[in-house]
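User: Please take a close look at one part of this model, the sheet and whatever packs against it. Set it in the context of the chain first, then go into residue detail.

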Amino acid sequence: MTEKVNLKMTKKPSDNIDNSVYINVKDFLIKGPVGDTETIPIHETFEKSLDPENTLRSFEGSIKLTLLEEEILAEFSVEYLAKTICVRCLKRFDREGSLAFERVYLLGRRTAADGELIVGKDFQIEVGGPILEEINFDIPMKPLCKTDCQGFNK
Ligand SMILES: [Zn+2]
């Protein structure tokens, strides 16, 4: 753990399957006084099946980290592109969305309880899970290719 690590998005080779996305926050923790912030750009392109109807194609944006006494506050700003199916005409179409949400990563914890996120022993925080979770919430249950889609009728 002596190598210099910059704050940037990385994927662990072993995690290619589940698309976990990590940011190493070691430098941020060492450098920062409490209250320090750092904004990290994120971008990812892949074909990730969210469910049978929806496929995530890419996301990009930034994560602003703020160092607090016992946690890191992460403010996400994410734009995504997903392929989905119109419930009326059953055509596939690209849906763009834009999201802003927060997560808290607890410091000094070895294990995370349900629903908690932690800064791991290896100084990695996992950001892919929260992003996918929020995108899943954002895609409507009954997507329409356009608001006045007439379905199969003219
Ligand atoms: Zn339609």
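Analyst: The protein chain holds two helices and eight strands. This is a predicted model. Read from the N terminus, the order of elements is β-β-α-β-β-β-β-β-β-α. The chain has 154 residues, and 18% of them count as buried. Take the contacts with a separation of 6 or more: 57% of them link residues 24 or more positions apart.

Now the sheet. It is open and has five strands, in the order β3-β4-β5-β6-β7, with mixed pairing. β3 and β7 are the edge strands, each pairing on one side only. Strands of a sheet pair through backbone hydrogen bonds, in either a parallel or an antiparallel sense.

Start at the β3 edge. β3 spans residues 37–49 and pairs with β4 over 11 bridges, in the antiparallel sense. Two pairs fix the register. His 43 stands opposite Glu 60 in β4. Glu 44 has Phe 59 of β4 as its bridge partner. The two strands are joined by a hairpin of five residues.

Move one strand over. β4 and β5 are also antiparallel, with 12 bridges between them. Leu 56 has Ala 82 as its bridge partner in β5. Further along, Gly 61 stands opposite Val 78 in β5. Here the hairpin between the strands has three residues.

Next come β5 and β6. They run antiparallel and are joined by 15 bridges. Glu 79 is partnered by Ser 98 in β6. Their hairpin puts six residues between the strands, and one of its features is Leu 90, with a positive phi near 65°.

At the other edge sits β7, residues 117–118, where Leu 117 has its place. Buried or exposed, or something between: which is Leu 117? Leu 117 counts as partly exposed, because it has 19 C-beta neighbours inside 10 Å; the buried class starts at 20. Beyond its neighbours within four places in sequence, Leu 117 is in contact with Arg 103, Val 104, Tyr 105, Leu 106 and Ala 112. Arg 103 lies 14 residues away along the chain, yet the two C-alpha atoms are separated by 7.9 Å.

What covers the sheet? Helix α2 lies across β4, β5 and β6, and it runs at about 130° to β6. α2 covers residues 128–138, and Gly 128, Pro 130, Ile 131 and Ile 135 are its buried residues. These four sit on the same side of α2, because they cover an arc of only 165° around the axis. Glu 133 and Phe 137 are exposed on the other side of α2. A regular spacing lies behind such one-sided patterns: an α-helix has 3.6 residues a turn, so residues three or four places apart point the same way. The buried side of α2 has four partners: β4 (55–67), β5 (71–85), β6 (92–106) and β8 (124–126).

That leads to the nonpolar core. In soluble globular proteins, nonpolar side chains tend to be buried together. The largest nonpolar core here has 20 residues, and Val 25, Ile 72 and Ile 125 touch the most other members. β4, β5 and α2 each supply at least two residues of this core. β5 gives the largest share, five residues.

Ile 125 deserves a closer look. Its neighbours within four places in sequence aside, Ile 125 is in contact with Tyr 22, Ile 23, Val 25, Ile 72, Tyr 105 and Val 119. That list includes Val 25 and Ile 72, the two residues named with Ile 125 as touching the most other core members.

To put the picture together: the open sheet runs from β3 to β7, α2 lies across β4, β5 and β6, and β5 supplies the largest share of the core.

Technical notes
Residues numbered from 1 in each chain as written. Predicted model: local features only at pLDDT ≥ 70, side-chain atom pairs only at ≥ 80, totals over all residues. Buried ≥ 20, exposed ≤ 12 C-beta atoms within 10 Å, placed from the backbone. Arc of directions from axis to C-beta. Contact = placed C-beta atoms within 7 Å. Core = buried A, V, L, I, M, F, W, Y, C linked by C-beta atoms within 7 Å. Pairing = 2+ DSSP bridges. Axes fitted to C-alpha atoms, helices over the stretch in contact; angles between N-to-C directions.
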